[in-house]
Structures are given as C-alpha cells and as structure tokens.
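Welcome, and thanks for taking a look at this one with me. Here are some notes to read alongside the structure.

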Amino acid sequence: DPAPALVPQWELRARFAVSLATLYGREVPAYTTLVDVSRAVNEDFVAEHGADAERLGSISRVTAERHGAIRVGSPAEMAQVARLFAGFGMHPVGFYDLRDASASSVPVVSTAFRPTDVDELARNPFRVFTSMLVTDDRRFFDAETQERLESFVAARELFAPDALALADLAVAQGGLAGADAERFLELATASFALSTEPIDRAWYAHLEAISAVAADIGGVPATHINHLTPRVLDIDDLYARMSALGITMIPEIQGPPGWEGPDVLLRQTSFKALAEPRAFREADGTISSGELRVRFGEVEQRGIALTTAGRDLYDTLTAEVDRRLAAAPEGTTRVEVAADVWREHLPATETGLALAGLGFFRFRVADGGARPSTGSGSVATGSGSAATGTGSVALGDLLASGALVAEPIVYEDFLPRSAAGIFQSNLTDEGSRDDEQLGTPYDLERLSAVVGIPIADPNDLYAAQQAASLAEAEAALGLTIR
Ligand code: OOG
Ligand code: NI
C-alpha cells in the first residue's frame, strides 16, 4: 500500500497561522476588527493602484500574512519553541536585544522563527517574534528574584510532550499524515491560549514592579500569544481608519516615514493593550477575579530589505531625525521630520536604491528583452536566446536598457527599535532597572547555543537571494555584470 499522503510543512504552517488567528480573534475581539479593516485597506489599495500595488507581495500572500509574538522564560523553553516551530518549517532568524533598545524595563533577548526559503515564504510567510526573559541579568533581577523566577519557570510545562514529538516527526518526514496533522495543530495552538489558571497576585506584583514584561512571562503559569499582526499595503490609511472607528492607536507609526519614494524595511503601529479578565490567587489563598492589560493589536507594512550599507544609512538617518526633532518647534511630528530627512538622503526610486547598493533586489532577464551591448568590446552574437556573449556590462546599463528588471526583495524581519517601541508603548509602568549592575552579555552566537541551532543572519539570506539572481542573469546573458 502507498504511504498515506502527508500534509506538507508549509500547509501545516498555513493552517497553524489560521488556527492561532481563530483562537486570538475569540480571545481578543478587537483583533478581528483590525483584520477586517486591514483587508478593506488592502482591497482598496489594489483597486486604486492596479498591478503596481502587488510589487511588494501578492494580494493573496499579504491578505493571509501574519506575524505573532510570544515570550518565554528560560533557555529550556526557548529550545522547545525552536523544536515546535521547526515542525512548521519555521527557523530562527535574527538577533534582537531589547534590553538596551528601550528606555523602559524590557529584560528580554529575541529572535524570529520564520521560513527562510523563497518558495516557502511565498507559500506562507508566517513568523513568530520570540522573546526570552534574561533571568540572570542583575540590572533587573536580584539573586533572590532570579532564583524564584527560575524555579517557577522550571516547574511549568508550556508544550505538551506529544506536540514536540509530532514536530520532530514533521521534520523527519517533511510533513504529517492527516490525523497526526490535526493533533499537532490542535496541541500547538492550545499551547498559546490564555490560561485560566489563577495567577499568584503577590508574585505577579513583585515582578511587575521590576518589569511588566517580566511579570507577563514569569508571573503566569503558561505562555500565550501576545499579539498577532496582519500586514497592510498602506499603514497610514489603516491608522486613519482605525482612529475613525474610535480605537485608540499608539501615538505614532514606528519605523521609516511614509514618503513618495520606495518603502523600505518595516513600518508598524498598534492599539493599546486591552483589559482582559484574569483569575488571581490572593495571599490568604482565596481566588479573586481581576484584569490585566498585556495583549494588544499590531499592524505592519513591509518594504524593501536594505543591504548593510542601506541599514547603516537608515541608522544614521534615524539618529539625524532624533537630532532635528529635539531642535524642532513644539508640535512637529517625527514623521514630518523623517520625511524631510529621507528626501534629502535616500534615492527616490527603486533603481536608485539598487544602483547605490542600498537595497536588495532580485534581478531578472526581461522577457524578450533586447540583447545588451557591452561597454568593453562587442557582444558575440550566437544563435537563439541562450546566446553567449563576452565581456562585462554595468548593472545600471542593463537596467536602463530594460535588459534586466529589478524586483524588490521584501524585508521579512523586524527592527529592534520598533520592537522596543511596541513593547514600551504598551507598558503602563516604566519598571525599574539598575544600570550600575553589569548586564548578561548576549549576541547571535550565544542565543544560537540556547536555541540549539544556528540563528541565521537575515542579511546573509537576502544577499544570497540577490547573488543567485545575478548569477542566473549572467548565465542567461553570457555576460559578467559589474
Ligand atoms: C514583541 C514586540 C516586538 C514587533 O513586531 O516588533 C514585535 C512583544 O511584545 O512580545 O512583535
Ligand atoms: Ni509584533
């Protein structure tokens, strides 16, 4: 008998995203409003801009696209998350240190689990920003709190052993048979539901005084989705529509400003965390009901991935915006200042970004494109479309003549400053931090050791895509592109 057909990992991932969205929509009804408004924004954008609207992602991908955020309490839990998400074809990419990126107390380091393959991203790009509490960071936790935190976290079980075993099986087989797939999805989704188990009031309050994020992680018996984020093609429009519905958004859109030039990296905004009923265990052992505000709604618009040079420029411009904003007259917004700075320093077109080496692009030989002429000598004219030429041609000439077409590579990752801004804007209390103490050092390598597999550097992934497209174009044209 033939083996039963397996549900491939990409389909598990797509179904996981839908299943989490259903759960979260039930738990946080405002999320459903956000998704509805996002869909309307995207439909109107496509109606207005035609084919151009889908330059940074097909409407079907963008409509289905989500990222989630979760928070865990220890290296052991982080390693389990990695195992679980591997089952869905989601791998760790990028290192983010939120401890220094925020003025408030956010004692976590993070990575994002996502598909890394171009085809896998196209099938379903679901990603989860995952933060780990750094319990031994003395700037936040004294020895006693650290010890109590670590034993509290060690005593809980976030993921059913069966969920982890099924994840391993999905990796080994490249998918799961029908019944296994159902069970895997059910268990994995349930891991991220808001727990109804009572929260120890005094312990939660102790942590909350240090950091609301620490309390949300180490003060409760389970993990949960912190937010799920739909993607829109026009975040300014989304912001205006949500505000018109009376939903209070955070004061600004994080990341690059909206302007007439190419969209780069990532723009994000959110609505404030909403009060949710939770059960508490009081000091005398009685159970009371209370509420917590930790879960919120976020939305994002994705732009072109920047090269290292582009990213350095972005950081310089961001600092320049800060400087000018500090000196600007009262009432000037960050976005206004940023748009000016952008116009002064960033190329106004995609081709400009590509030629300046600031953005990542996939280069494709134009369909039926004209044979290019080389700057150095002549192109040997062979027969047929696979004609082999000699010499080298400048990328700019190939783009100008239309022989090559540049397609933007979309930024699939996150921005530490925006992430810190999102964390921070949803904290009601600054928390406390003792900067006289030494922090625990963390970087991509050290977090990789925790996760148990190497965390990919996002830049390497984009650079490899661009390089592969150039190599393919060179082979097709029989030229060296310089
Ligand atoms: C994660 C915040 C970061 C983003 O989109 O930048 C994030 C969190 O609040 O747990 O999700
Ligand atoms: Ni987020």
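The points below go from the whole chain to its domains, then to the ligand and a small sheet.

1. Before anything else, please keep in mind that this is a predicted model. Every number here is computed from that prediction.

2. Let's begin with overall size. The chain has 482 residues and a radius of gyration of 24 Å, which agrees with the value near 23 Å that a compact globule of that length would have. Along the principal axes, the C-alpha atoms fill a box of roughly 90 × 75 × 45 Å.

3. Next, the general make-up. You will find 18 helices and 14 strands in the chain. Of the 482 residues, 42% count as buried. If you take the contacts between residues at least 6 apart in sequence, 75% of them join residues at least 24 apart.

4. Now to the domains. The domain assignment splits the chain into domain 1, made of 6-303 + 410-456, and domain 2, which covers 306-349. Notice that domain 1 is written as two segments, with the residues of domain 2 numbered between them. The centres of the two domains, taken over C-alpha atoms, are 28 Å apart.

5. How many residues of each domain are in contact with the other? Domain 1 contributes 9 residues and domain 2 contributes 11. On the domain 1 side, these residues divide into 6 nonpolar, 2 polar and 1 charged.

6. Ligand 1 deserves a close look. The residues around it include Arg-71, Phe-129, Asn-226, Gln-268, Glu-298 and Phe-414. Others in this shell are Ser-418, Ala-419, Ile-422 and Phe-423, with Ala-69 and Ser-131 also present. By class, the shell around ligand 1 has 6 nonpolar, 4 polar and 2 charged residues.

7. Which elements give two or more residues to that shell? They are strand E2 (66-72), strand E5 (127-133) and helix H16 (416-425). The largest share comes from H16, with 4 residues.

8. Finally, a sheet to trace by eye. Three strands form an open sheet in the order E7-E9-E10, and the pairing is mixed. Strand E7 (199-200) and strand E10 (287-302) are at the edges; each has a single partner strand, so one side of each lacks a neighbour in the sheet.

9. One pairing in that sheet is worth following in detail. E7 pairs with strand E9 (residues 266-281) in the parallel sense, over 2 bridges. To find the place, look for Ile-199, which stands opposite Phe-280 in E9.

Technical notes: Residues numbered from 1 in each chain as written. Chains lettered and ligands numbered in written order. Predicted model: local features only at pLDDT ≥ 70, side-chain atom pairs only at ≥ 80, totals over all residues. Domains from an automatic or database assignment. Contact = placed C-beta atoms within 7 Å. Nonpolar A, V, L, I, M, F, W, Y, C, P; charged D, E, K, R; others polar. Rg over C-alpha atoms; globule rule 2.2 N^0.38 Å. Buried ≥ 20, exposed ≤ 12 C-beta atoms within 10 Å, placed from the backbone. Near = placed C-beta within 6 Å. Pairing = 2+ DSSP bridges.
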